[in-house]
Amino acid sequence: KVFDEKLNTIEMNFKDNRDVTAVLFARQWLKDKAPSAKCKLIMKYCPYERMDREINDQLFSMKYFAEILSKFDFESIEILDPHSQICVNELKDKGMNVEILDLEYYINKVIDDFNPDYLFYPDKGAAKKYPQILKNIDIPYFFGAKLRDLENKGRIKDYELIEAPDLKDKKILIIDDICSRGGTFYYSAKALHEAGANNIYLYITHCENTILEGELLTSGLIEKIYTTNSIFTKKHKKIEVFKLWIL
């Protein structure tokens, strides 16, 4: 017997789509063995959360993922640093109770190590999101804006700092939720250096292993990167990985 008759927890460490299938199989098995037992799902990283709208020929995958999860009667779903409110709303709209895990704990660990002069949010979405989440952190912030070419796989074709303060010799901590190859952070760090910033660190909650394939790590623009082990499984001398624990 590996289940409780009252409440159980399934935790998904997402690497690929097979992990989603494994979670659903585990939930269905539990329903067969203990039909009245409740079950919560911990998804520190929510798969498909970046596909939160329909763009050209890309599916609104988050919508369909939420519909699938809703059929498995999870008592609650816990997520760390969801990409957008759309992700959360899709789950809630399908009748699920969503709990957001504490992010400030990890950001404060970086701040204690780096002591930045400014926090920087690399796009308008992050600038709207993080001041609310990190409202107890008393460090001034500003943000940047990127222009993507949607006809060319969303590649960044222009980047600018918005109302940036005097950055000469300042230490900047960039904060965001997801990184693939690091293009956004390459362009934002380049703009920050050109504006006079002396030392730039980066915190990403969910970092794909493909960051090792991009030019961010070899560019010399960023001194150190912090992430969690939600999806990152590799090692690099510039990357420090926090092991997630559930409060």
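Let's start with Tyr118. In this predicted model, Tyr118 is buried, with a relative accessible area of 17%. The cut-off for buried is under 20%, so Tyr118 falls on the buried side.

What does Tyr118 pair with? A search of the whole structure finds 14 aromatic pairs. Take the pair of Tyr118 and Phe142. The ring centres are 5.9 Å apart. The planes stand at 85°, so this pair is edge-to-face. Over 60 degrees is what that class asks for.

Now place the two rings. Tyr118 belongs to strand 5, residues 118-121. Phe142 belongs to strand 6, residues 141-149. The pair therefore ties together parts that are 24 residues apart in sequence. Phe142 is buried too, with a relative accessible area of 3%.

Stay with those strands. Tyr121 and Tyr141 also pair, with ring centres 5.4 Å apart. Their planes are at 45°, so we call this pair tilted. Again one ring comes from strand 5, Tyr121, and one from strand 6, Tyr141. This pair ties together parts 20 residues apart in sequence.

Are these two tyrosines buried or exposed? Tyr121 has 1% relative accessibility, so it counts as buried. Tyr141 has 44%, so it counts as partly exposed.

Next, a group of rings. Ring pairs link Tyr105, Tyr106, Phe114, Tyr201, Tyr226 and Phe242 into a cluster. Keep an eye on Phe114. The charged end of Lys171 sits over the Phe114 ring, 5.3 Å from its centre.

Phe114 also closes helix 4, which spans 104-114. The loop between helix 4 and strand 5 holds Asn115. Asn115 has a phi near 55°, a positive value in a residue other than glycine. At 52% relative accessibility, Asn115 counts as exposed.

Where is there another positive phi outside glycine? Look at Asp73. Its phi is near 55°. Asp73 sits in the loop between helix 2 and strand 3, which is 76-80. Its relative accessible area is 49%, so Asp73 is partly exposed. The exposed class needs over 50%.

Also look at Phe74. Arg27 lies over the face of the Phe74 ring, at 5.7 Å from the ring centre.

On to the helices. Two packed helices are described by the angle between their axes and the distance between the axes. Helix 2 is residues 61-70, and helix 3 is residues 85-93. Their axes come within 8 Å. They cross at roughly 35°. The crossing is right-handed.

Which residues meet there? From helix 2, we have Met62, Lys63, Ala66 and Leu69. From helix 3, we have Cys87, Glu90 and Leu91. By class, this contact has five nonpolar residues, no polar ones and two charged ones. Lys and Glu count as charged, so the two charged residues are Lys63 in helix 2 and Glu90 in helix 3.

Last stop, Ser188. Ser188 lies in helix 6, residues 183-194. Its relative accessible area is 0%, so Ser188 is buried. What does Ser188 touch, leaving out residues up to four places away in sequence? The list is Phe120, Pro122, Tyr159 and Ile174.

To recap the strand pairs. Tyr118 with Phe142 is edge-to-face. Tyr121 with Tyr141 is tilted. Each pair joins strand 5 to strand 6.

Key:
Residues are numbered from 1 along each chain as its sequence is written. This is a predicted model: local features need pLDDT of at least 70, side-chain atom pairs count only at pLDDT 80 or more; totals for chains, interfaces and linings use all residues. Side-chain values use heavy atoms; hydrogens and water are left out. Axes are lines fitted to C-alpha atoms, for helices over the stretch in contact, and angles run from 0 to 180 degrees between N-to-C directions. Helices (H or I, at least four residues) and strands (E, at least two) are DSSP runs, numbered from the N terminus. A crossing is left-handed if the near helix is turned anticlockwise from the far one by less than a right angle, and right-handed if clockwise. Contact means heavy atoms within 4.5 Å. Rings of Phe, Tyr and Trp (its six-membered ring) pair if their centres lie within 6.5 Å; planes under 30 degrees apart count as stacked, over 60 as edge-to-face and the rest as tilted. Buried means under 20% relative accessible area, exposed over 50%, partly exposed in between (1.4 Å probe, protein chains only). A charge sits over a ring if NZ of Lys or CZ of Arg is within 6 Å of the ring centre and within 35 degrees of the ring normal.
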